[in-house]
Amino acid sequence: MKIEYKIENNKITINQILQNELKISSRLLFKLIKNNKISLNENICDTRNIPDIGDIISIDFNYEEDNSNIIPTKMELNIIYEDDWLLVVNKPAGIAIHPSILHYSDSLCNGIRFYFDTIGLKKKIRPVNRLDLNTSGLVVFAKCEYIQECLISQMKNNEFKKEYLAICKGYFEKKLGTINLPIDRKENSIIERCISENGQPSITHYEVLKEFNNYSLIKCILETGRTHQIRVHMSAIGHPLLGDSLYGSISDFIDRQALHCYKLHFVHPVNKNLMDLYSELPHDFKKLRVNL
């Protein structure tokens with residue numbers, strides 16, 4: 001886990017290069033300097049200095065971190081993509097991402113901690129995106145703090161794209177549209193959200209892909225990432241998700257909300273490749289004879 005940066009044209013300090021060019025936060029930069037993880041031409045350096053053209057700055061992220069706050073639990077992981085910097089897994093419905101009182105040792109983070117132990121990676125467990133307990137699909141885990149910072153920055157700049165598939169009740173009058181309705185926490189509830197003029201701006205783009213048996217398979221692209229955004233928006237326009245007991249009703253056909261994060265698009269923070277990652281439809285979608 002090392003990044004190298006060659007100086008080609010420079011009149012600024014190493015600190016400024018790391019912050020402006022590599023987008024390393026001040027907090028992380030301080031940590032790297034404190035632990036002597038920044039080198040110039042393979043020598044520990046004073047990052048306040050101005051390097052010469054042709055010099056090579058190296059940043060070493062291959063240091064151990066305390067991850068004892070997460071209990072390692074062996075579980076089957078459906079790994080979609082992995083390299084030295086990040087890991088992408090396909091999360092089944094019914095598994096929480098983060099440990100909690102109810103999911104202290106059986107969350108996805110617990111499984112990732114166990115996997116990190118098996119590959120000898122002693123790093124904190126850093127999920128980049130979130131999915132509800134009963135939403136399935138792709139989740140990215142950063143293998144170091146730098147990758148997490150870069151991907152979160154891409155999310156804020158709307159460069160990290162998440163696409164979902166959902167099965168909704170009824171047929172849509174508009175087969176392609178945008179829902180722009182602010183979402184807020186529902187009064188007296190720590191879980192439920194609602195449409196409110198006092199809520200945060202929330203934008204969902206959708207496209208109807210297929211219609212069957214008075215249901216619609218839709219693709220959703222989120223411009224914002226509010227809690228329960230797709231579920232709240234679809235319910236608000238009269239097309240709640242199949243099986244969504246919180247914003248619609250339970251279903252005899254599926255035992256959770258029919259929502260699946262099937263595609264992620266982002267720029268790899270290190271090699272700068274465009275990443276388009278996909279997951280297969282979950283089994284309960286296939287049982288409904290849904291296909292793409």
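A residue counts as buried when its relative accessible area is under 20%, and as exposed when that area is over 50%. The legends below apply these terms to a predicted model.

**Figure 1. Glu65, a buried residue in a loop of the predicted model.**
Glu65 is found in the loop that runs between strand S4 (56-60) and strand S5. Its relative accessibility is 9%, which is why Glu65 counts as buried. The side chain of Glu65 comes to 3.0 Å from the backbone nitrogen of Lys124. Apart from residues up to four places away in sequence, Glu65 touches Lys122, Lys123, Lys124, Arg126 and Glu145. One of these, Glu145, is also listed among the buried residues of helix H4.

**Figure 2. The chain as a whole.**
The chain contains 6 helices and 16 strands. Along the principal axes, its C-alpha atoms fill a box of roughly 65 × 40 × 40 Å. Of the 292 residues in the chain, 49% are buried. When contacts between residues at least 6 apart in sequence are considered, 66% of them join residues at least 24 apart.

**Figure 3. Helix H3 and the strands around its buried residues.**
Helix H3 covers residues 108-118, and 8 of its 11 residues are buried, so the helix is largely enclosed by the rest of the structure. The buried residues are Leu108, Cys109, Asn110, Gly111, Ile112, Arg113, Tyr115 and Phe116. They pack against strand S5 (79-82) and against S6, S7 and S8. Just after H3 comes Gly120, with a positive phi of about 75 degrees.

**Figure 4. Val139 in strand S8.**
Val139 belongs to strand S8. It counts as buried because its relative accessibility is 0%. Val139 and Asn90 are 49 residues apart in sequence, yet their C-alpha atoms are 6.4 Å apart in space. Neighbours within four places in sequence aside, the contacts of Val139 are Leu87, Val88, Val89, Lys91, Ile97, Leu108, Asn129 and Leu131. Among them, Leu108 is one of the buried residues of H3.

**Figure 5. Helix H4 and what covers it.**
Helix H4 (145-156) has 12 residues, which at 1.5 Å a residue should span 16 Å; the end C-alpha atoms are 17 Å apart, in agreement with that expectation. The buried residues of H4 are Glu145, Tyr146, Ile147, Glu149, Cys150, Leu151 and Gln154. An α-helix has 3.6 residues a turn, so residues three or four places apart point the same way. The elements that cover the buried residues of H4 include strand S1 (2-6), helix H2 (26-34), strand S6 (86-91), strand S7 (126-127), strand S8 (136-142) and strand S15 (259-267). After H4 comes Asn158, whose phi is positive and near 60 degrees.

**Figure 6. The largest pocket and its lining.**
The volume of the largest pocket is about 1400 Å³. Its lining consists of 48 residues, and those nearest the centre of the pocket are Arg130, Leu131, Asp132, Thr227 and His228. By class, 18 of the lining residues are nonpolar, 16 are polar and 14 are charged. Helix H4, strand S9 (161-169), strand S11 (183-185) and helix H5 each contribute at least two residues to the lining.

**Figure 7. His228, one of the residues nearest the centre of the largest pocket.**
His228 is placed in the loop between strand S14 (215-222) and helix H5 (229-236). Its relative accessibility of 12% is the reason His228 counts as buried. The side chains of His228 and Tyr247 make a polar contact of 2.7 Å. With neighbours within four places in sequence set aside, His228 is in contact with Asp132, Ile191, Leu246 and Tyr247. Asp132 is also among the residues nearest the centre of the largest pocket.

**Figure 8. Three exposed residues in loops: Lys23, Glu42 and Glu173.**
Lys23 lies in the loop between helix H1 (14-20) and H2, and it counts as exposed because its relative accessibility is 57%. Although Lys23 is not a glycine, its phi is positive, at about 60 degrees. Glu42 lies in the loop between strand S2 (38-40) and strand S3 (43-44). With a relative accessibility of 75%, Glu42 counts as exposed. Glu42 is likewise a residue other than glycine with a positive phi, near 70 degrees. Glu173 is in the loop between S9 and strand S10 (176-180), and its relative accessibility of 78% makes it exposed. The C-alpha atoms of Glu173 and Val208 are separated by 9.9 Å, and the two residues are 35 residues apart along the chain.

How values were computed:
Residues numbered from 1 in each chain as written. Predicted model: local features only at pLDDT ≥ 70, side-chain atom pairs only at ≥ 80, totals over all residues. Heavy atoms only, no water. Helix = DSSP H or I, 4+ residues; strand = E, 2+ residues; numbered from the N terminus. Buried < 20%, exposed > 50% of the residue type's maximum accessible area, 1.4 Å probe, protein only. Polar contact = N/O pair within 3.5 Å; in protein donor to acceptor, adjacent residues only side chain to side chain. Contact = heavy atoms within 4.5 Å. 1 Å grid on protein atoms, 1.4 Å probe; cavity = no way out; pocket = protein on both sides within 12 Å on 5 of 7 lines; lining within 4 Å. Points joined across faces, edges and corners; volume = space filled by probe spheres on them. Nonpolar A, V, L, I, M, F, W, Y, C, P; charged D, E, K, R; others polar. Expected span 1.5 Å × (residues − 1).
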